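This report looks at two helices, the cysteines and the salt bridges of one protein chain. The structure is shown first, and the reading of it follows.

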Amino acid sequence: MVQIKEFRIVMPMSMEEYELGLSYTIMKMEQQNTNSKEGVEVLQQVPFEDEKLGKGQFTSKDYHLQSKIPSWMKGFAPASALTVHEESWCAYPNSRTVIKCPLFSKCSLTIDTVIRPDNGCSENAHNLTSEQLAAREVEIIDIASQSRDYWSKVISAPNVDLTAFKSQRTSRGPLLKGWMDSCCPVMTTYKLVIMDAPIWGLGERLEDCIIAGERALFLACHRLCFAWIDEWYGMTLDQIREMERQTDLLLKKTLKKPAKAGSKIDSKRKTLKEEIVAVGSCT
């Protein structure tokens, strides 16, 4: 059974600020979660152009996070076989991410993101069909909230109380009850998660597990994006891109793995259309 869940994450910043802040936050979280044995390996970062999304950046990554895999899942194969591969097409303010695991080759997980300058009130930001809307479940994530589920503990992000935090550089915060209805500036990232695990006896449990993991990651990442606003506020996109290049080199060095073939900028560009066809063949 295909599960469709839309997460709406309201942020106390402009869309322009969010583009910088999210990139900075992802880089810092990757550095904090990478060591000589496991972590994030950036394989490729190249420009792309697609009929639907337009122009943007294609990124390919491997996540070697064996210690974070639930114990019940490790029973199906060695933890080393559970490396997760991610491909993302970002043409801000829209993007698509496809996540795969070789062990579960029949499964498909896609995350479509639409960003709008509102407080989560767009009822069909992804232009879904009536059939998809009927199957969709919507959850608004409050970044001022905290979660104590399995995945939140595994992610182990720094714990910041956003109901008490106030930015020194922007004077934004603290995020008190009702903040999403009154803050300015404000924007929302609409993340549509579509998970299909057609595995008899395991599919539904795997789908629930993966979606819960994505929710926890969304919450942790966006909480830190605001908590670290004084670190990235005022930076330019060019500065962020240079940091990404430096982070790529640092992660490769930390994992002690050489750059893989195809990681050069002039390598063959993979289009989003090709990936959609590949995903469709797995469902």
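A disulfide is taken here as a pair of cysteine sulfur atoms within 2.5 Å. The model is a predicted one, and by this rule it holds 0 disulfides. For Cys101 the reason is distance, because the closest cysteine sulfur, which belongs to Cys107, lies 8.4 Å away and is thus too far for a bond. Cys225 is likewise in no disulfide, the nearest cysteine sulfur being that of Cys221 at 6.6 Å. As for their surroundings, Cys101 counts as buried at 14% relative accessibility, and Cys225 is buried with a relative accessible area of 0%.

**Salt bridges**

The count of salt bridges comes to 13. Three of the pairs are set out below, with the N to O distance of each.

| Pair | N to O distance |
|---|---|
| Arg8 and Glu123 | 3.4 Å |
| Arg172 and Glu17 | 2.8 Å |
| Glu244 and Arg241 | 3.0 Å |

What does the salt bridge between Arg8 and Glu123 (3.4 Å, N to O) tie together? Arg8 belongs to strand E1 (residues 3–11), while Glu123 sits in the loop between strand E6 (108–116) and helix H3 (130–135), so the pair joins parts that are 115 residues apart in sequence. The two partners are set in contrasting surroundings, in that Arg8 is buried at 2% relative accessibility, whereas Glu123 is exposed at 52%.

The side chains of Arg172 and Glu17 also meet in a salt bridge. This pair links distant parts of the chain, 155 residues apart, with Arg172 in the loop between helix H4 (150–155) and helix H5 (179–182) and Glu17 in helix H1 (residues 15–32). Both Arg172 and Glu17 are buried.

The salt bridge between Glu244 and Arg241 lies within helix H8 (residues 237–255), where the two residues are 3 apart and therefore separated by about one helical turn. Glu244 is buried, with a relative accessibility of 12%, and Arg241 is partly exposed at 24%. Beyond these pairs, a network of salt bridges links Lys5, Glu137, Glu139 and Arg215.

**Helices H8 and H6**

In helix H8 the end C-alpha atoms are 27 Å apart, which agrees with the 27 Å that its 19 residues should span at 1.5 Å a residue. Its buried residues include Ile240, Glu244, Thr247, Asp248, Leu251, Lys252 and Leu255. These residues cover an arc of only 130° around the axis, so they fall on the same side of H8. Asp238, Leu249 and Lys253, on the other side of the helix, are exposed.

Against which elements do the buried residues of H8 pack? They pack against H1, strand E2 (39–50) and strand E3 (54–64). H1 is also the helix that holds Glu17, the partner of Arg172. After H8 comes Lys256, whose phi is positive, near 60°.

Helix H6 (residues 203–227) has 25 residues and reaches 36 Å from its first C-alpha to its last, close to the 36 Å expected at 1.5 Å a residue. H6 is mostly covered, with 18 of its 25 residues buried.

Key. Residues are numbered from 1 along each chain as its sequence is written. This is a predicted model: local features need pLDDT of at least 70, side-chain atom pairs count only at pLDDT 80 or more; totals for chains, interfaces and linings use all residues. Side-chain values use heavy atoms; hydrogens and water are left out. Helices (H or I, at least four residues) and strands (E, at least two) are DSSP runs, numbered from the N terminus. The expected span of a helix is 1.5 Å times one less than its number of residues. Buried means under 20% relative accessible area, exposed over 50%, partly exposed in between (1.4 Å probe, protein chains only). A salt bridge is a side-chain nitrogen of Lys or Arg within 4 Å of a carboxyl oxygen of Asp or Glu. The arc is that of the directions from the helix axis to the C-beta atoms. Contact means heavy atoms within 4.5 Å.
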